[in-house]
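I opened a new structure today and kept notes as I went. Here is what I looked up.

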Protein chains: 2
Amino acid sequence: MNKQIATTVFESLSSGIRLDIFRLLVKFGPDGLVAGEIGKKLNVPPTNLSFHLKALVQADLLSVEQEGRFQRFKANIPLMLDIVAYLTEECCCGDTEKCRDYRKAKPQIEKFMPPLKTKKITKTK
Amino acid sequence: MNKQIATTVFESLSSGIRLDIFRLLVKFGPDGLVAGEIGKKLNVPPTNLSFHLKALVQADLLSVEQEGRFQRFKANIPLMLDIVAYLTEECCCGDTEKCRDYRKAKPQIEKFMPPLKTKKITKTK
DNA sequence: TGAATATTTCAAATATTGTTGAATAGTTGT
DNA sequence: ACAACTATTCAACAATATTTGAAATATTCA
C-alpha cells in the first residue's frame with residue numbers, strides 16, 4: 001500500500017455515483033453485475049456510467065470480465081480494507097498504552113481496528 | 001452513516017496533502033499537532049495548509065481546538081472505520097455461506113471485516 | 001450478412017478544486 | 001499600545017473532474 005494507490009481509491013469513492021456503484025456491487029459479492037444492470041438500478045446514463053466504471057476499475061476497486069457482449073463487474077473489498085490498515089498502521093507511533101486509551105475514548109473503534117502488534121514500546125516503565 | 005458523509009470523507013482523503021496530514025495526525029494520536037508543526041513536517045505553505053485543514057475539519061476527520069495562538073488538530077479515526085462498516089454492511093446481501101466464500105477467496109479480508117451477523121438467510125436448503 | 005444489443009471512445013461544455021500572494025484577525029509578551 | 005507570531009480569509013488564476021450526445025466497436029441472433 002502506498003500514497004498513490006490510496007489517494008486513487010479515495011478519489012474513486014468521492015463521487016456519489018461511484019460510491020453507489022461500489023456499494024451495490026458489494027451487495028452482489030462474487031456474482032457481480034453487468035454494466036447494464038448497474039445503470040438500470042442506479043439510473044445513470046450509459047456514457048456517464050462507463051466513465052465512472054472505468055475510474056473504479058483503474059483504481060482496482062472493481063474487477064471486470066467480458067461475458068459475451070456484457071461486461072461483468074465485481075467489487076474488490078479487500079483493497080478497501082488494506083487502505084484502512086494503511087491509514088491506521090502507525091497509530092500513536094506504536095505506543096501501546098497511549099493507543100489503548102485512544103481506542104477506549106471512542107468505543108466503536110474496537111470493531112475494526114487491527115490488533116495492536118505490541119512492537120518496540122511494550123512496557124512503559 | 002450516509003452517502004453525504006461518506007463521499008465528503010473520501011473526497012477529503014483523495015488529496016495527497018490531506019492524506020499526509022491525516023496519517024501524520026494518526027501517528028500523534030490523542031496529542032495531535034498544531035498547524036505550524038504540520039506545515040513544517042509536510043512542507044506545505046500556510047495558506048494552502050489552512051485550505052486543506054479546513055476541508056478535513058469540515059469532513060469531521062480532524063477535530064481542532066484553540067491553544068493560545070495555536071490551533072491543535074487531532075485525527076478522528078473512528079469515523080474512518082465507521083465508513084468501512086458502511087461500505088461492507090450489506091456484503092453479499094447477508095447470505096452467510098456466499099459471504100464466507102467471498103472472504104475465503106481473499107485471505108486478508110478476515111482482518112478487518114465486521115463479523116457476519118447471520119440474518120435472514122441462515123440455512124441454505 | 002444484416003439488424004439489434006451492450007458498451008466505449010471522443011470532443012465540447014460545464015462545474016468543481018487546488019494554489020498563491022496580499023491583506024486581515026487574534027494572541028502573547030514587553 | 002506595540003511588535004512579533006500564528007493562522008485564516010479573500011480574490012485571482014490554474015488545473016481537474018463531470019456530464020452529455022454523437023459516433024464507433026464488438027457481440028449475438030435471425
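My entries follow, one topic at a time.

**Status.** I note at the start that this is a predicted model.

**DNA strand D.** I looked up which residues surround this strand. There are 19 residues around DNA strand D. A:Thr47, A:Gly68, B:Ala35, B:Gly36 and B:Ser50 come nearest. I then asked which elements give two or more residues to this surface. Chain A has helix H4 (46–58) on that list. Chain B has helix H3 (35–42), helix H4 (46–58) and strand E3 (70–75). H4(B) gives the most, with five residues. By type, I found eight nonpolar residues, eight polar and three charged on the surface near DNA strand D.

**Chains A and B.** How many residues of chain B are in contact with chain A? I found 40 residues of chain B in contact with 40 residues of chain A. On the chain B side, helices H1 (3–12), H2 (16–27), H5 (77–88) and H6 (96–105) each give two or more residues. H5(B) has the largest share, nine residues. That side of chain B divides into 23 nonpolar residues, seven polar and ten charged.

**A:Val64.** I picked one residue to look at by itself. A:Val64 lies in strand E2 of chain A, residues 62–67. Is A:Val64 buried, exposed or partly exposed? A:Val64 counts as partly exposed, because it has 16 C-beta neighbours inside 10 Å; a buried residue would need 20 or more, an exposed one 12 or fewer. Leaving aside neighbours within four places in sequence, A:Val64 is in contact with A:Val57, A:Gln71, A:Arg72 and A:Phe73. I also looked up A:Leu53, eleven residues away along the chain from A:Val64. Their C-alpha atoms are separated by 9.3 Å.

Note on methods:
Residues are numbered from 1 along each chain as its sequence is written. Chains are lettered from A and ligands numbered from 1 in the order in which they are written. This is a predicted model: local features need pLDDT of at least 70, side-chain atom pairs count only at pLDDT 80 or more; totals for chains, interfaces and linings use all residues. A residue is near a molecule or strand if its C-beta atom, placed from the backbone, lies within 6 Å of it. Helices (H or I, at least four residues) and strands (E, at least two) are DSSP runs, numbered from the N terminus. Ala, Val, Leu, Ile, Met, Phe, Trp, Tyr, Cys and Pro count as nonpolar, Asp, Glu, Lys and Arg as charged, and the others, Gly among them, as polar. Two residues are in contact if their C-beta atoms, placed from the backbone, lie within 7 Å.
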